[in-house]
Amino acid sequence: TTSFAQFSDPQLFSLAPGTTDAERNQQALESEYVLVWAVAEINRMVRSGKRFDFLVIAGGFGVQGASPRSMERLRLLRAVLVPAVYVLPGENDIDLAARDPLREYRGFFAELKAAVDNKEVRDLTADAPTVSGIRILGLNSAFLAARSLSVAFFCASATVFAVSDTE
(Lines give C-alpha, C1' and ligand atoms only; values in the text may rest on other atoms or scores of the structure.)
Protein backbone atom coordinates (compact mmCIF):
# COMPACT_ATOMS: atom_id res chain seq x y z
CA THR A 1 0.00 0.00 0.00
CA THR A 2 1.23 3.45 -0.92
CA SER A 3 0.14 6.37 1.21
CA PHE A 4 0.93 10.05 1.35
CA ALA A 5 0.14 13.17 3.30
CA GLN A 6 -0.78 16.45 1.63
CA PHE A 7 -0.71 20.11 2.64
CA SER A 8 -2.73 22.36 0.35
CA ASP A 9 -2.46 26.11 0.04
CA PRO A 10 -0.12 26.63 3.02
CA GLN A 11 0.46 30.36 2.27
CA LEU A 12 3.86 30.21 3.98
CA PHE A 13 4.93 33.63 2.73
CA SER A 14 1.74 35.48 1.83
CA LEU A 15 1.20 38.62 3.82
CA ALA A 16 -1.77 40.88 3.34
CA PRO A 17 -0.71 44.14 1.67
CA GLY A 18 -1.07 47.41 3.49
CA THR A 19 -0.88 45.92 6.97
CA THR A 20 1.18 47.26 9.84
CA ASP A 21 4.49 45.71 10.88
CA ALA A 22 2.77 44.18 13.92
CA GLU A 23 0.08 42.61 11.73
CA ARG A 24 2.68 41.23 9.29
CA ASN A 25 4.67 39.79 12.20
CA GLN A 26 1.48 38.14 13.52
CA GLN A 27 0.70 36.67 10.06
CA ALA A 28 4.25 35.31 9.76
CA LEU A 29 4.04 33.78 13.24
CA GLU A 30 0.68 32.17 12.43
CA SER A 31 1.92 30.67 9.14
CA GLU A 32 4.96 29.24 10.91
CA TYR A 33 2.76 27.83 13.67
CA VAL A 34 0.49 26.10 11.13
CA LEU A 35 3.52 24.50 9.45
CA VAL A 36 4.90 23.32 12.80
CA TRP A 37 1.47 21.90 13.70
CA ALA A 38 1.13 20.07 10.35
CA VAL A 39 4.61 18.53 10.67
CA ALA A 40 3.87 17.51 14.27
CA GLU A 41 0.58 15.86 13.23
CA ILE A 42 2.25 13.83 10.47
CA ASN A 43 5.00 12.81 12.88
CA ARG A 44 2.42 11.83 15.52
CA MET A 45 0.70 9.55 13.00
CA VAL A 46 4.03 8.03 11.93
CA ARG A 47 5.02 7.38 15.54
CA SER A 48 1.67 5.65 16.10
CA GLY A 49 2.37 3.23 13.23
CA LYS A 50 1.14 5.01 10.08
CA ARG A 51 3.63 5.07 7.20
CA PHE A 52 3.73 7.79 4.56
CA ASP A 53 5.74 7.29 1.38
CA PHE A 54 5.87 11.01 0.66
CA LEU A 55 4.41 14.41 1.46
CA VAL A 56 2.81 16.56 -1.24
CA ILE A 57 2.65 20.30 -0.71
CA ALA A 58 0.27 21.77 -3.26
CA GLY A 59 0.69 25.58 -3.37
CA GLY A 60 0.06 28.42 -2.99
CA PHE A 61 3.09 29.12 -1.00
CA GLY A 62 2.95 32.86 -1.58
CA VAL A 63 6.45 32.85 -3.09
CA GLN A 64 6.09 36.40 -4.37
CA GLY A 65 6.00 37.54 -0.72
CA ALA A 66 9.02 35.48 0.37
CA SER A 67 12.05 37.09 1.95
CA PRO A 68 15.38 35.48 2.88
CA ARG A 69 14.27 35.52 6.54
CA SER A 70 10.90 33.92 5.80
CA MET A 71 12.53 31.22 3.66
CA GLU A 72 14.27 29.97 6.80
CA ARG A 73 10.98 28.43 7.95
CA LEU A 74 11.35 25.87 5.14
CA ARG A 75 13.93 24.15 7.33
CA LEU A 76 11.03 23.05 9.54
CA LEU A 77 10.22 20.46 6.87
CA ARG A 78 13.48 18.64 7.70
CA ALA A 79 11.68 17.30 10.78
CA VAL A 80 8.75 15.67 8.97
CA LEU A 81 9.02 11.87 9.15
CA VAL A 82 8.59 11.10 5.45
CA PRO A 83 11.34 10.18 2.99
CA ALA A 84 10.26 12.55 0.20
CA VAL A 85 8.56 15.91 -0.34
CA TYR A 86 6.89 16.74 -3.67
CA VAL A 87 5.71 20.28 -4.42
CA LEU A 88 3.45 21.99 -6.91
CA PRO A 89 2.83 25.75 -7.23
CA GLY A 90 -0.55 27.38 -6.73
CA GLU A 91 -2.02 30.30 -8.63
CA ASN A 92 -0.29 32.91 -6.45
CA ASP A 93 3.10 31.26 -7.05
CA ILE A 94 2.92 31.87 -10.79
CA ASP A 95 3.32 35.27 -12.43
CA LEU A 96 1.04 34.76 -15.41
CA ALA A 97 1.98 38.15 -16.89
CA ALA A 98 5.71 37.37 -16.94
CA ARG A 99 7.65 35.95 -19.87
CA ASP A 100 8.78 33.15 -17.52
CA PRO A 101 5.76 32.57 -15.23
CA LEU A 102 7.57 30.00 -13.05
CA ARG A 103 10.79 31.99 -12.44
CA GLU A 104 10.02 32.93 -8.81
CA TYR A 105 8.62 29.47 -8.08
CA ARG A 106 11.81 27.82 -9.40
CA GLY A 107 13.84 30.08 -7.09
CA PHE A 108 11.62 29.01 -4.20
CA PHE A 109 12.04 25.35 -5.17
CA ALA A 110 15.85 25.69 -5.18
CA GLU A 111 15.67 27.21 -1.68
CA LEU A 112 13.35 24.42 -0.52
CA LYS A 113 15.65 21.73 -1.88
CA ALA A 114 18.65 23.28 -0.13
CA ALA A 115 16.74 23.72 3.16
CA VAL A 116 15.38 20.16 3.18
CA ASP A 117 18.58 18.38 2.21
CA ASN A 118 17.79 15.27 4.28
CA LYS A 119 14.94 14.16 1.98
CA GLU A 120 14.17 13.60 -1.66
CA VAL A 121 12.58 16.89 -2.82
CA ARG A 122 10.92 17.01 -6.25
CA ASP A 123 9.07 19.60 -8.27
CA LEU A 124 5.90 18.15 -9.81
CA THR A 125 5.97 20.81 -12.57
CA ALA A 126 9.18 19.26 -13.89
CA ASP A 127 9.03 15.67 -12.72
CA ALA A 128 6.59 12.76 -12.40
CA PRO A 129 8.12 10.41 -9.83
CA THR A 130 7.02 6.80 -9.51
CA VAL A 131 6.40 5.44 -6.01
CA SER A 132 5.67 1.71 -5.65
CA GLY A 133 4.52 1.50 -9.27
CA ILE A 134 2.32 4.60 -9.02
CA ARG A 135 3.18 7.64 -11.13
CA ILE A 136 2.65 10.96 -9.31
CA LEU A 137 1.48 13.75 -11.61
CA GLY A 138 0.94 17.39 -10.71
CA LEU A 139 -1.40 19.75 -12.55
CA ASN A 140 -1.79 23.46 -11.97
CA SER A 141 -5.04 24.48 -13.59
CA ALA A 142 -4.38 28.22 -13.12
CA PHE A 143 -1.37 27.90 -15.41
CA LEU A 144 -3.39 25.94 -17.95
CA ALA A 145 -6.25 28.41 -17.88
CA ALA A 146 -3.93 31.29 -18.73
CA ARG A 147 -2.46 29.41 -21.68
CA SER A 148 -5.64 28.16 -23.35
CA LEU A 149 -9.06 29.69 -23.83
CA SER A 150 -10.57 26.20 -23.94
CA VAL A 151 -9.55 25.40 -20.35
CA ALA A 152 -11.73 26.85 -17.62
CA PHE A 153 -10.26 28.26 -14.42
CA PHE A 154 -10.73 25.84 -11.55
CA CYS A 155 -11.03 26.89 -7.93
CA ALA A 156 -8.61 24.14 -6.90
CA SER A 157 -5.55 25.37 -8.69
CA ALA A 158 -3.05 22.75 -7.55
CA THR A 159 -4.05 19.13 -7.96
CA VAL A 160 -2.10 15.92 -7.47
CA PHE A 161 -3.00 12.78 -9.35
CA ALA A 162 -1.74 9.29 -8.63
CA VAL A 163 -1.82 7.07 -11.69
CA SER A 164 -0.99 3.39 -11.42
CA ASP A 165 1.50 2.06 -13.95
CA THR A 166 0.40 -1.51 -13.29
CA GLU A 167 -2.75 -3.29 -14.40
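1. Strands and helices here are DSSP runs, numbered from the N terminus. In this predicted model, the loop between strand 2 (54-58) and helix 2 (68-71) holds glycine 60. That's the spot to look at for backbone geometry: the peptide bond leading from glycine 59 into glycine 60 is cis, with omega near 20°. For context, most peptide bonds are trans.

2. Now the loop between strand 1 (4-8) and helix 1 (21-47), where aspartate 9 sits. Aspartate 9 isn't a glycine, yet its phi is positive, near 55°. As for its surroundings, aspartate 9 is partly exposed, at a relative accessible area of 42%.

3. Glutamine 11 is in the loop between strand 1 and helix 1 too. Again we have a non-glycine with a positive phi, this one about 50°. Its relative accessible area is 21%, which counts as partly exposed because buried means under 20%. A general reminder for both points: most residues other than glycine have a negative phi.

4. On confidence, the protein chain has a mean pLDDT of 81, with 82% of its residues at 70 or more. Broken down by element, strand 4 (residues 120-123) has the highest mean, 96, while strand 7 (residues 158-164) has the lowest, 49.

5. Two stretches I'd flag for pLDDT. Residues 148-159 stay under 50 throughout, and the model gives them 23 contacts beyond four places in sequence. Residues 163-167 are also below 50, with 11 contacts in the model beyond near neighbours in sequence.

Terms used: Residues are numbered from 1 along each chain as its sequence is written. This is a predicted model: local features need pLDDT of at least 70, side-chain atom pairs count only at pLDDT 80 or more; totals for chains, interfaces and linings use all residues. Side-chain values use heavy atoms; hydrogens and water are left out. Helices (H or I, at least four residues) and strands (E, at least two) are DSSP runs, numbered from the N terminus. Buried means under 20% relative accessible area, exposed over 50%, partly exposed in between (1.4 Å probe, protein chains only). pLDDT is the predictor's confidence in each residue, from 0 to 100. Contact means heavy atoms within 4.5 Å.
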